[in-house]
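Biologist: I should like to examine a structure by question and answer. Please begin with the terms that are required.

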Amino acid sequence: MAACYHGFDPAAYLQYNYTAPRADFKRQDSIVPWKLGCLHRAFTEGDVSGELLVDIGSGPTLYQVLSGCEVFNRVILTDFLEVNRQELRRWLRDEGDCGLDWTPYLQHVCKLEGRQPSVWTEKAARLRAVVSDILPVDVHHPQPLAPGALSSVGADCLVSCFCLESVSPDLAAFTRALGHIQGLLRPGGHLLLIGALGESYYFGGPGVKIPVVPLNEAEVCASLKETGFTLIRLEVYTLPQDMRVGVDDVSGVFFVKAKKE
Ligand SMILES: Nc1ncnc2c1ncn2[C@@H]1O[C@@H](CSCCNC[C@@H]2Cc3ccc([N+](=O)[O-])cc3CN2)[C@@H](O)[C@H]1O
């Protein structure tokens with residue numbers, strides 16, 4: 001699978017998935033507002049707490065930690081590819097020339113929090129303040145992060161979006177990878193997992209077709225149970241026709257909130 005990612009193009013990937021129509025903040029049925037709503041509820045309903053949030057397979061995106069950065073004082077971003085880690089560093093160092101303008105995302109999450117969208121600069125500053133590391137990760141390794149990256153206690157919360165199914169050749173590999181990241185979490189810690197349903201491929205750049213293991217809800221729930229998670233909530237988004245834009249064959253998106261037993 002690693003070879004599939006040689007041509008991954010962060011800028012193209014961001015354009016494919018994180019601009020309209022998939023990221024249209026004026027549309028109730030757009031995918032990104034749905035994802036941000038799921039994450040906001042999950043992080044703020046009172047049971048998620050602690051010091052350290054780790055994002056597994058961040059890719060070149062930041063949306064997945066825009067709510068969590070208000071709850072945790074330390075956030076670690078991770079990805080397999082240096083090109084993605086560079087993209088994240090560029091935004092976090094405010095160096096400009098980023099693949100995407102995250103302002104609408106920051107404004108939308110401020111609105112979800114009952115704040116004026118104009119304070120998005122405060123949220124940006126908060127995120128830049130709490131992200132302590134951007135680390136390499138390999139979910140196929142029993143220890144996905146380098147030794148010593150986390151304390152022996154583990155993370156208080158994990159978030160992972162569209163990663164595991166996109167790097168696993170089959171369901172067994174997906175389940176093993178889920179077990180590997182489960183080991184990064186302290187007992188009682190939470191997992192917030194977003195992923196694709198029914199997806200067999202996606203384009204990670206022009207002509208860069210990457211295989212994905214197609215999942216259904218039952219398989220996701222079975223893998224969570226098999227790897228020592230208790231499911232708290234599963235939400236599913238079914239893509240309207242005009243969200244199927246030719247960059248993948250995804251039919252739905254799942255959101256899982258689960259707890260390590
Ligand atoms: N061994 C590894 N361990 C960890 N991460 C690894 C490994 N190998 C590659 N990676 C890392 O994993 C990758 C994460 S990006 C994966 C993209 N997933 C599919 C794509 C995403 C997407 C987005 C939005 C919507 N939607 O409907 O709005 C649908 C879809 C469905 N298509 C990439 O960052 C790579 O760098």
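Modeller: UniProt positions are given in the numbering used here, feature names are shortened, and annotations may be inferred rather than shown by experiment. The model is predicted, with local features needing pLDDT of at least 70 and side-chain atom pairs counting only at pLDDT 80 or more, while totals for chains, interfaces and linings use all residues. Residues are numbered from 1 along each chain as its sequence is written, and side-chain values use heavy atoms, with hydrogens and water left out.

Biologist: Which residues does the UniProt annotation "binding site" cover?

Modeller: The annotation comes from an unreviewed UniProt entry. The residues it covers are Y13, Y18, G57, S58, Y63, D79, N84, D138 and V139.

Biologist: How far are they spread in space, between C-alpha atoms?

Modeller: In sequence, these residues spread over 127 residues. In space, the distance between their C-alpha atoms reaches up to 23.9 Å.

Biologist: How many residues surround the ligand?

Modeller: A residue is counted as near if one of its heavy atoms lies within 4 Å of the ligand. The closest are D79, D138, F162, S166 and E199. By class, the shell divides into 13 nonpolar, five polar and six charged residues (Ala, Val, Leu, Ile, Met, Phe, Trp, Tyr, Cys and Pro count as nonpolar, Asp, Glu, Lys and Arg as charged, and the others, Gly among them, as polar). The number of residues surrounding the ligand is 24.

Biologist: What is the distance from a nitrogen atom of the ligand to an N or O atom in the side chain of S166?

Modeller: A polar contact is a pair of N or O atoms within 3.5 Å. In one such pair, a backbone N or O atom of V139 lies 3.0 Å from a nitrogen atom of the ligand. In another, an oxygen atom of the ligand is 3.2 Å from a side-chain N or O atom of N84. For the side chain of S166 and a ligand nitrogen, the distance is 2.8 Å.

Biologist: Between which residues is there a cis peptide bond, and where is P21 placed?

Modeller: Most peptide bonds are trans. The cis bond, with omega of about 5°, joins A20 and P21. Helices (H or I, at least four residues) and strands (E, at least two) are DSSP runs, numbered from the N terminus. P21 is placed in the loop between α1 and α2.

Biologist: Which residue has a positive phi although it is not a glycine?

Modeller: Most residues other than glycine have a negative phi. The residue with a positive phi, of about 55°, lies in the loop between α3 (82–92) and α4 (103–112). That residue is D94.

Conventions: Polar contact = N/O pair within 3.5 Å; in protein donor to acceptor, adjacent residues only side chain to side chain.
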